[in-house]
Amino acid sequence: MCLVLMARLLLCSILLLERNYVIGTEYRGKSLGTLNSYHHQVGGEVYAVNEYTLLISDFTFDGSANDAFFWAGASSRPGPQGFILANEYGRTDVLKRYLGKELKLTLPDNKKLTEINWLAIYDLSKNIAFGDVYVPEDFEPPIKQVIGDLTTKSHGVSSGPIEILDSKTIKIPMFSYNGAGKDTYFVVGNGPQPSAKGRKIPDESGYLDNLRTYLNETIILELVGDITVFDIDWLSVYDLQTKDNFGWVLIPDEPNVPPSLQKVADKIENIMHCVQLHKKLQLSWQVFGPQITIRLAGQIDEDNYMAFGFSGSEEAPQMLGADIAITYIDGFRGQATDYNITDKSPCVKVLGQYKGVCRDTLVGGLDDNQVHTATRENGINVITYRRNLQSYDVGDKEFKTNTLNSMIWAIGRMNHQKEPSVHDFFPRSVLKLDLDPKPPIDTCYSFTVNTETLKKDVWEQPKIIDSSLRMMTATLGPSGGKKGFQGLTGLPSPGLAWFINGYLIPEIWLKRGITYVIHIYGGNNPHSSQYYHPFVITDEPNGGYDGMTDVAQKHTRVLAGVQYTLRRQARPTSAGPLCLRERKGFDRRLDDNFISFKEFNKSLDMRCEPGDPAVLEFKPNSSWPDIVYYHSFVQSNMGWKLHIVDKFSTGRNSAAQVQFNWLLGIFLYLIFTQM
């Protein structure tokens, strides 16, 4: 009896292990089977990724054949009638040696898998297949699946037909929600209908905050960690506080969809507690004695920073008055620098005092963060630092263990001076953090990494090429997120940028020997660190001349916009009243939703202070470089290029000129033949 019971337990254990193994196996697509091996140690598993793409996992080939290729065709068996598939590098080279390689093959000329009967490793000179796999006659390759609309329950939730694009990606067209929920998220889970036992997933921008208002927007959601559409039964717009389901859709069993381009990275080790702040950012912490250890893990670019600290307000995510640490990796060295925020601008000197996002050491405080470890692997920065709960710096706020702490976070780019520029990601609501939760909290999950490079989407670069141009107008406005200033220049932005003749940082062509006039509305109040921007032209691309080091100033030539004192100190001459384009009440995180600058510009209102503009008159001469830059005197990265030319072209492109010359030749020929 005991032996029978033990045998049953062993069988159950084996089945459980097998079940877990199947669930944990990475989804690669719909299986076509194992390569039949005839020669040269061919082996591997073949999957259909989509209608046009095959994936071979654990591919092996000894590479000793002289004329072997990936070969496919529509005949009944592999033979000379077929076509070559390019290798994983997109080339049709003779196959080399492979050992346990995973590679994707795309059918040429938009051919589909349903048009072929087999894939082979084939020697064209000897007409021999070294290995092959067959496509079943009724085979249906993975494609996106349409699963129906959201079932509307309340709060104006509605959508068009929802599409499962791949194993981790869901597209919701024409999505609407009135934003009136108390604690509402996109939630996925198991069971016959939505419940509070489901799991929050980030919104289309990666945020895990209470959902904003939507009106007929098309959004794309990505499932987090190792979750796929095969692991869930439903998707819901769900209020976790009231436990109300505002709208939902069922996910069909085993949908025949392509595998995701995302690969799941290893989970970052927690210190003790861990909270997922954003799809790209995790916070882990532990309090021990009078100190707190903080670990920030972020899926960010190399020049990005992760910021974390106290909000300037107990009830809202407020920059003004905030006490934060800016963490980044400088080469191989981790940094966790203490910052104090007194204005919504990068740190500048205002009438002898530093104002903005400034290091504590610049405003009379102490930098008492101690970096413990810093690593970067697979595009993920992990920085651990320590601090006293009660800092020795009177300007720092106290980490309290007996009440909730109001915290904020951000992700952005460091500028060329290793100072933080405007943040790209930041919370919609303040984070109420309990430093000693019981039981320990862990809402973190594994990061996912794109296996293919995503194309960067930016607005079209505006250009002003006009030989009759003599006068311009310079105003200020928002820099437009990653599609705007950052995408057009590749540089980080302080949040504001120059608009010249209504265009965001246009490239402008000017002619030597011509006098130009710019009317400037950049703000003339030197008490403001955010809205005081005299206009200057220099020979270097970053700007912010006033904040440069003495060495950098000596190597920078200011071509227009300043006068020098007897002590060779530069003083700006072109600071006019402020004319500022402002968003009409919408969140700046939505800037990247605009398809073009034209649409973005229509969403802005202009606000101007009274007064006449500053007038900058200048004449480029032969000493000016071919490319110079217009800037703010006090702040870096707000302007862009001026092209200085000796003469303007006729405006005809080469093709038009060739056609013109051809027609002119025929015309002259006809004239001369009539003489």
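Start at R589, which counts as buried at 16% relative accessibility. The model is predicted, so treat each stop as a computed feature.

**Stop 1: R589 and D587.** Keep R589 selected and add D587. The two form a salt bridge, with the closest N and O atoms 2.5 Å apart. D587 is partly exposed, at a relative accessible area of 26%.

**Stop 2: K263 and E26.** Select this pair next. Their salt bridge has its closest N and O atoms 2.3 Å apart. It links distant parts of the chain: K263 sits in strand β19 (residues 262-264), E26 in the loop between α1 (2-24) and β1 (30-34), and 237 residues separate them. K263 is partly exposed at 28%. E26 is partly exposed at 36%. Now add R28 and E102: salt bridges with shared partners join E26, R28, E102 and K263 into one network.

**Stop 3: K144 and E163.** Here the side chains meet in a salt bridge of 3.4 Å, N to O. K144 lies in the loop between β9 (128-134) and β10 (145-148), and E163 in strand β12 (residues 162-166), so the pair ties together parts 19 residues apart in sequence. K144 is partly exposed, at 45%, whereas E163 counts as buried, at 14%. The salt bridge count comes to 26.

**Stop 4: strand β17.** Select residues 234-239. 6 of the 6 residues are buried, so β17 is largely enclosed by the rest of the structure. Both faces are covered: W234, S236 and Y238 lie on one side, L235, V237 and D239 on the other. Add β14 (residues 184-189), which runs antiparallel to β17 and is joined to it by 6 bridges. G189 stands opposite W234. Then add β18 (residues 244-250), also joined to β17 by 6 bridges and antiparallel. L235 faces V249 across this pairing. The β17-β18 hairpin has 4 residues between its strands, and K243 takes a positive phi near 60°.

**Stop 5: the open sheet.** Trace 6 strands in the order β35-β39-β49-β48-β41-β42, with mixed pairing. β35 (463-464) and β42 (558-560) stand at the edges with a single partner strand each, so one side of each has no neighbour in the sheet. Zoom in on β48 (residues 627-632) and β49 (residues 641-645), an antiparallel pair with 3 bridges. V628 stands opposite L642 there.

**Last stop: confidence.** Colour by pLDDT. The chain averages 89, and 92% of the residues score at least 70. Residues 1-24 stay under 50, with 0 contacts beyond four places in sequence. Residues 651-675 are also below 50, with 2 contacts beyond near neighbours in sequence.

Conventions
Residues numbered from 1 in each chain as written. Predicted model: local features only at pLDDT ≥ 70, side-chain atom pairs only at ≥ 80, totals over all residues. Heavy atoms only, no water. Pairing = 2+ DSSP bridges. Helix = DSSP H or I, 4+ residues; strand = E, 2+ residues; numbered from the N terminus. Buried < 20%, exposed > 50% of the residue type's maximum accessible area, 1.4 Å probe, protein only. pLDDT = per-residue confidence, 0-100. Contact = heavy atoms within 4.5 Å. Salt bridge = Lys/Arg side-chain N within 4 Å of Asp/Glu carboxyl O.
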